[in-house]
Structures are given as C-alpha cells and as structure tokens.
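Please open the model in your viewer and keep the sequence beside it. The stops below say what to select next and what is there.

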Amino acid sequence: MKHTDNEESSPQDGQKPCEIEFSVIDVDFGCGELLNPRKTGTLIYRDSIEMGLLTLIPLQPGNLVKFNHEGMSRLGIVMWSVESSNSYRIQLRFV
C-alpha cells in the first residue's frame, strides 16, 4: 500500500487536517471542572494512541484536555508543546 503526503499527516485514518473543539480540565484540585470555554484547534494527525494539534492556546505538558471530534468525546494529556510563530503544536496522548 502506497502512502501519500496526506496519509503521512494522519497515518491511521487518512484524515486531512480539520478543526476540532476542546476544553482544558482542571485536575489540580480534583474537581475535574473545565478551566475555560471551548477552544478550537486544527487536528493534524491522529492514530489510536495519540494526536497532533495546532492551536493558538498555550497548553503545557500535563494539561488534561477534553475534545470532541466526529461525534466522539475523548480525553488526552498534553505530552509536549512547541511554540511556532503565532501558534502551538501540541502532542496529546489519549487517556
């Protein structure tokens, strides 16, 4: 099976980059409340374990994020975040 450039950006499901909604969850005090209203980012890849996201929100490693995509709600933990020009590239691992 040949891989195209589009497939490399989303190795498991062949999706093209798309917008998703997410919220950061406050786990510091054990309350599990949302810290902020829904934010958006661009999903750049996803597989069964993790996903990559571009966003304007400066997320930090360890942040717990709830996101909605294609009718599903999932949780992820920020593994790393890199600032580039006017956005952040985020790596999330599903929990």
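**A guided tour, stop by stop**

Begin by selecting valine 82, which counts as partly exposed because its relative accessibility is 43%, where buried means under 20% relative accessible area, exposed means over 50%, and partly exposed lies in between, with a 1.4 Å probe and protein chains only. Valine 82 lies in strand β6, and helices (H or I, at least four residues) and strands (E, at least two) are DSSP runs, numbered from the N terminus. Before going further, note that this is a predicted model, in which local features need pLDDT of at least 70 and side-chain atom pairs count only at pLDDT 80 or more, while totals for chains, interfaces and linings use all residues. Residues are numbered from 1 along each chain as its sequence is written, and side-chain values use heavy atoms, with hydrogens and water left out.

Now add Met79 and Trp80 to the selection, since together with Val82 these residues make a nonpolar surface patch of about 260 Å². Such a patch is made of residues with over 30% relative accessible area and no salt bridge, with nonpolar side chains (Val, Leu, Ile, Met, Phe, Trp, Tyr) joined within 5 Å and like charges within 9 Å; accessible areas come from the Shrake-Rupley method with a 1.4 Å probe, and for residues only the protein chains shown count as cover.

**The whole fold**

Zoom out and colour the model by secondary structure, which comes to 1 helix and 7 strands, following the pattern α-β-β-β-β-β-β-β when read along the sequence. Of the 95 residues of the protein, 34% count as buried.

**Along strand β1**

Select residues 18-26, which are strand β1, and find isoleucine 20 within it. Isoleucine 20 is buried, with a relative accessible area of 3%, and its C-alpha atom is separated by 5.8 Å from that of histidine 69, although the two are 49 residues apart along the chain. Isoleucine 25 is found in strand β1 as well and is also buried, at a relative accessible area of 12%; its C-alpha atom and that of leucine 75, 50 residues apart along the chain, are separated by 9.4 Å. Is glutamate 19, by contrast, buried or exposed? Glutamate 19, whose place is in strand β1, is exposed, with a relative accessible area of 60%, and 9.7 Å separates its C-alpha atom from that of threonine 55, 36 residues apart along the chain.

**A salt bridge**

Next, select glutamate 50 and arginine 93, which form a salt bridge whose closest N and O atoms are 3.5 Å apart; the term means a side-chain nitrogen of Lys or Arg within 4 Å of a carboxyl oxygen of Asp or Glu. Glutamate 50 lies in strand β4 and arginine 93 in strand β7, so the pair ties together parts that are 43 residues apart in sequence. A search of the whole structure finds 1 salt bridge. Arginine 93 counts as partly exposed, at 38% relative accessibility.

**Inside the protein**

Turn to the interior and show Arg46, Phe67, His69, Met72, Arg74 and Phe94, which line the largest cavity. A cavity is a set of points, on a 1 Å grid over the protein atoms alone, where a 1.4 Å probe fits but cannot get out, and lining residues have an atom within 4 Å of a point. The largest cavity has a volume of about 40 Å³, and the structure holds 2 cavities of 30 Å³ or more; grid points are joined across faces, edges and corners, and a volume is the space filled by probe spheres set on the points. Strands β5 (64-69) and β6 (72-84) each supply at least two residues of this lining.

**Two loops to finish**

Select glutamine 60, in the loop between β4 (50-55) and β5, which is partly exposed with a relative accessible area of 47%. Glutamine 60 and serine 81 are 21 residues apart in sequence, and their C-alpha atoms are 6.2 Å apart in space. Last, move to serine 85, in the loop between β6 and β7 (87-94), which has a positive phi of about 45° although it is not a glycine. Serine 85 is exposed, with a relative accessible area of 75%.

Terms used: On a 1 Å grid over the protein atoms alone, a cavity is a set of points where a 1.4 Å probe fits but cannot get out, and a pocket is an open set with protein on both sides within 12 Å along at least five of seven lines; lining residues have an atom within 4 Å of a point.
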